[in-house]
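Thank you all for coming; I would like to take a few minutes to walk through one structure. Please have a look at the sequence and the model on the screen before I go on.

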Amino acid sequence: MILTVFEISVLMSKWVIYLSVAAVIGGTLMQHLIKAQPNLRISVAKYIGLGAAFGLLAVGINYFAQVGSFAETGLMGMFDAQMHAFLWPTQVGDTVFWRLIGFGSMLLASCRMLSKNNNIRHFSVAISIISTLLIAITFTFIGHSAELGLIAQGLILIHVLVVASWIGAFYPLWKLCNIDDNIVIQNVMDTFGRIGIGIVILVLLSGMGMVWMLFDSPTELLSSDYGIAVTIKLSLVAIILLIAAWHKFILVPNLTIFTAPLAKRKLQKSIGLEALVALIILATTAILSSVLGPISLG
């Protein structure tokens, strides 16, 4: 399969959108878990703002690449007025519009969420929560979930929120390992671990629900390109779950048992590995939703 420039652009921009969604949702969650760490909160606010900025850019590139791909008239096809008039009133246009609103609002909120003024800070937090919900809802507008009805849309909404909360927390947790107090690190990791149990349960239930709705038979997981890609993604999810268990039961308890710098370094390195696996999972998801799709089950 040879991809065109537009198809590659759609694929890459979609991957960046997924990363941006994870940054804004996971970063927002972590802001509430690190309230006592002002310096770290500043870093996480910048992380959220950067994620929102990249999200805005990627949404724009993704849309113009789709227009160019449909127009089939070369690079200038991205500015084809007729194709814009055709796509904008559809679900594609709705998705772009609300994602721009969501990422734009999140970018503004990230600038003020650490304000010393309580009213401004609380307003920014409220905007950030609304923005994350808005961005997550746009994933129900398009793709195979939109064709499968309300149950599938509900599953994809839950899946996006919990996966983004999980993956987007890796950078703040990695950054957390730079502080000197191991007790603080352990407390935050323990709290995230307790939340993580609920996240993992929801990830598995929503994921299995979608697999059940998309496939007629388990054999399709190994007999079609789409099924094989889904199987690879599920295998990567299993790896990341094992890494999370390694953190919870081995590395985090070691923070107060072994030499502090060594224990922190091991934990930070392991979180970095977990983040790398997450990047591959999101890339696989972008391929599934852009290049393959359930139609390949055909």
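Leu205 is exposed, with a relative accessible area of 52%, where exposed means over 50%, buried means under 20%, and partly exposed means in between, all with a 1.4 Å probe and protein chains only. Before going further, I should say that this is a predicted model, in which local features need pLDDT of at least 70 and side-chain atom pairs count only at pLDDT 80 or more, while totals for chains, interfaces and linings use all residues. Residues are numbered from 1 along each chain as its sequence is written, and side-chain values use heavy atoms, with hydrogens and water left out.

Leu205 lies in helix H9, which covers residues 182-214; helices here are DSSP runs of H or I with at least four residues, and strands are runs of E with at least two, numbered from the N terminus. Together with Ile197, Ile201, Leu204 and Met208, Leu205 forms a nonpolar patch on the surface, with about 480 Å² of accessible area. A patch is made of residues with over 30% relative accessible area and no salt bridge, with nonpolar side chains (Val, Leu, Ile, Met, Phe, Trp, Tyr) joined within 5 Å and like charges within 9 Å. The areas come from the Shrake-Rupley method with a 1.4 Å probe, and for residues only the protein chains shown count as cover, while a salt bridge is a side-chain nitrogen of Lys or Arg within 4 Å of a carboxyl oxygen of Asp or Glu.

One member of that patch, Ile197, is also found in H9, and at 46% relative accessibility Ile197 counts as partly exposed. The C-alpha atoms of Ile197 and Met76 are 49 Å apart, with their positions 121 residues apart along the chain.

Ile197 is also touched by Lys248, which has Gly193 and Pro253 as further contacts when residues up to four places away in sequence are not counted; contact means heavy atoms within 4.5 Å. Lys248 has its place in helix H11, residues 225-254, and is partly exposed at 31% relative accessibility. From Lys248 to Gly196, 52 residues apart along the chain, the C-alpha separation is 9.9 Å.

Staying in H9, is Ser206 buried or exposed? Ser206, which is found in that helix, counts as buried, because its relative accessibility is 2%. Its side chain makes a polar contact of 2.8 Å with the side chain of His159, and also reaches the backbone oxygen of Val203 at 3.2 Å. A polar contact is a pair of N or O atoms within 3.5 Å, where within protein one must be able to donate a hydrogen and the other to accept it, and residues adjacent in sequence count only if both atoms are side-chain atoms. Leaving aside neighbours within four places in sequence, Ser206 is in contact with Leu155, Ile158 and His159.

A second buried residue to look at is Gln268, at 15% relative accessibility, in helix H12, residues 260-292. A polar atom of the Gln268 side chain lies 2.9 Å from the backbone oxygen of Trp174, and Trp174 is joined by Cys177 and Asn178 among the contacts of Gln268 once neighbours within four places in sequence are left aside.

Let me turn to the earlier part of the chain. Helix H4, residues 91-112, has 22 residues and should span 32 Å at 1.5 Å a residue, and its end C-alpha atoms are indeed 32 Å apart; the expected span is 1.5 Å times one less than the number of residues. What do the buried residues of H4 pack against? These residues, which include Val92, Arg99, Phe103 and Ser110, pack against H1 (5-33), H2 (38-71), H3 (81-87) and H5 (118-137).

In H2 we find Gly60, partly exposed with a relative accessible area of 22%, and its C-alpha atom is separated by 9.8 Å from that of Phe97, 37 residues away along the chain.

Finally, the loop between H2 and H3 holds Glu72, which has a positive phi of about 55° although it is not a glycine, and which is exposed, with a relative accessible area of 70%. Gly74 lies in that loop too, and at 35% relative accessibility Gly74 counts as partly exposed.
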